[in-house]
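Reader: I have a new model open on my screen and would love to walk through it with you. Shall we take it one question at a time?

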Amino acid sequence: MRYSKIIGTGSYLPEKVLTNVDLEGIVDTTDAWIQERTGIVKRHIAIPGQTCSDLAEPAALNAMAAAQVKPNNIDLIIVATTTPDQVFPSTACIIQQRLGIHGCPAFDIQAVCTGFIYALTIADQFIRTGAANCALVIGTEVLSHIINWQDRNTCVLFGDGAGAVVLKRATEPGIITSKIHADGSYKELLEVPAGIGVGFDAVNNPLYMTMRGNEVFKFAVRTLERIAEETISSANLTRDDIQWLVPHQANIRIIQATARKLNLPMERVVITVAEHGNTSAASIPMALDVAIRDGRICQGERVLMEAFGGGFTWGAMLVKF
Ligand code: ACO
């Protein structure tokens, strides 16, 4: 049987840091409110002109170094992003060129905060079916470019960054199972209501995110509890078989609710939301990289990753390291 396994991780954060205290000078908010309601203390923000491929390239190089693979070993590139450099070419093609890789398939997928789970699921399918042997999967975002910095409902929540993994053919499962879902009927709760089809312009209809946070929050908590159970039981495992939870880092209260449902103590949950904020498709691979590099996640351990985001989209994946 063919399976796939994560053999290296990497991440990259832009240098510029924006603290909650900095935000107090921009909108009507307080450090105390942001910490209490979200768990966020600071986030990294791209400088003008810094694109999601600028963040993705060093993250990819870090993952390839950790995996000890060379550019010519990579035969598939998938980039999950909501904030691509351009309409086209895809950010994956831009990264491919920057890494000096030629000829292999390279494409973007767009599932907002669930993007990395979607991308890894697709890469796993390519490897299992024999269509690829060694995939580079990246989540990268410059959400700060689609934030209305006058809107306190959203601007305190998001940050920029990139995370990457190298996924390689294996004889035993690395990726045990994954479940991905979407329901487009909740579009108005979380969207950028501007774009090619509906039009946009810098003054009257800019590319800004809007969110009805409280409604999204309730839906996210219910859905993430369900998807975690669905994923674990589909692998004929139980909650006791999971050593780590690496959740999408949207809000500490959402993460705590999922951990409670799974009966996992918070010491078994990788949390980066305080330092990174919500980095959408980049949040899971960045958190994974942190916990692998600091030695928390060890060989042989099972990790549940789960995410919820715009679309709505949601998904979870069970991985053995
Ligand atoms: N500072 C101070 N007060 C604020 C701020 C702020 N930054 N933002 C909102 N408030 C106020 C509101 O105006 C409201 O005031 P009111 O009671 O006078 O009307 C009050 O705080 C409470 O607002 P709620 O929206 O009910 O606050 P809530 O506890 O729900 O927290 C939050 C808001 C943090 C946005 C939360 O709802 C959340 O995390 N939602 C889910 C986000 C998420 O997971 N999104 C999916 C992924 S993102 C993606 O896919 C791109």
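Reader: Happy to start with a single residue: is Gln-68 buried or exposed?
Author: Good place to begin, and keep in mind that this is a predicted model. Gln-68 sits in the loop between helix H3 (52–67) and S4. A residue counts as exposed over 50% relative accessible area. Gln-68 has 74% relative accessibility, so the residue is exposed.

Reader: What is the phi of Gln-68 near?
Author: The sign is what catches the eye here: phi is positive although the residue is not a glycine. For Gln-68, in the loop between helix H3 (52–67) and S4, phi is near 55 degrees.

Reader: And Ser-280, is that residue buried or exposed?
Author: Ser-280 also has a positive phi in a residue other than glycine, near 55 degrees. Its place is the loop between helix H9 (273–276) and helix H10 (283–293). The cut-off for buried is under 20% relative accessible area. With 2% relative accessibility, Ser-280 counts as buried.

Reader: Let me turn to helix H9 itself. Which residues does His-276 touch, leaving out those up to four places away in sequence?
Author: His-276 is in helix H9. At 8% relative accessibility, this histidine counts as buried. Its contacts, with those up to four places away in sequence left out, are Leu-13, Lys-42, Arg-43, Gly-159, Met-286 and Val-290.

Reader: Arg-43 is on that list, so I'm curious: which side chain makes a polar contact with the side chain of Arg-43?
Author: Arg-43 belongs to strand S3 (residues 42–44). The residue has 0% relative accessibility and therefore counts as buried. Its side chain makes a polar contact at 2.9 Å, and the partner is the side chain of Asn-20.

Reader: How many Å apart in space are Arg-43 and Trp-314, C-alpha to C-alpha?
Author: In sequence the two are 271 residues apart. In space, from C-alpha to C-alpha, the separation of Arg-43 and Trp-314 is 23 Å.

Reader: Now Thr-140: which backbone oxygen does its side chain reach?
Author: Thr-140 lies in strand S6 (residues 134–142) and is buried, with a relative accessible area of 0%. Beyond four places in sequence, the residues it touches include Leu-55, Val-79, Gly-161 and Ala-282. Cys-52 is also one of the residues touched by Thr-140. At 2.7 Å, the side chain of Thr-140 reaches the backbone oxygen of Cys-52.

Reader: I always check for cis peptides. Which residue follows Gly-311 across a cis peptide bond?
Author: There is a cis bond from Phe-88 to Pro-89, with omega near 0 degrees, and Pro-89 is in the loop between strand S4 (76–80) and helix H4 (91–98). The bond from Gly-311 is cis with omega near -10 degrees. The residue on its far side is in the loop between S12 and strand S13 (313–320); this residue is Phe-312.

Reader: Zooming out, how many Å separate the centres of domain 1 and domain 2?
Author: The domain assignment gives domain 1 (3–171) and domain 2 (176–320). Between them, 53 residues of domain 1 are in contact with 47 residues of domain 2. Taken over C-alpha atoms, their centres are separated by 14 Å.

Reader: Where does the ligand lie with respect to these domains?
Author: The ligand is surrounded by 26 residues, with Thr-29, Arg-37, Cys-113, Asn-214 and Asn-251 the closest. Domain 1 (3–171) and domain 2 (176–320) both give residues to this shell, so the ligand lies between them.

Reader: What percentage of the ligand's exposed area does the protein bury?
Author: Let's begin with the polar atoms. Ligand oxygen atoms lie 2.7 Å from a side-chain N or O atom of Arg-37, 3.0 Å from one of Arg-152 and 2.9 Å from a backbone N or O atom of Gly-310. Taken alone, the ligand exposes 1,000 Å², and the share that the protein buries is 75%.

Reader: Last one from me: which element gives the most to the shell around the ligand?
Author: By class, the shell has 13 nonpolar, nine polar and four charged residues. Elements that give two or more residues include helix H2 (31–38), helix H8 (252–262) and strand S12 (302–309). The top contributor gives four residues, and that element is H7.

How values were computed: Residues numbered from 1 in each chain as written. Predicted model: local features only at pLDDT ≥ 70, side-chain atom pairs only at ≥ 80, totals over all residues. Heavy atoms only, no water. Near = heavy atom within 4 Å. Polar contact = N/O pair within 3.5 Å; in protein donor to acceptor, adjacent residues only side chain to side chain. Areas by Shrake-Rupley, 256 points an atom, 1.4 Å probe, with all protein chains shown as cover. Nonpolar A, V, L, I, M, F, W, Y, C, P; charged D, E, K, R; others polar. Domains from an automatic or database assignment. Buried < 20%, exposed > 50% of the residue type's maximum accessible area, 1.4 Å probe, protein only. Contact = heavy atoms within 4.5 Å.
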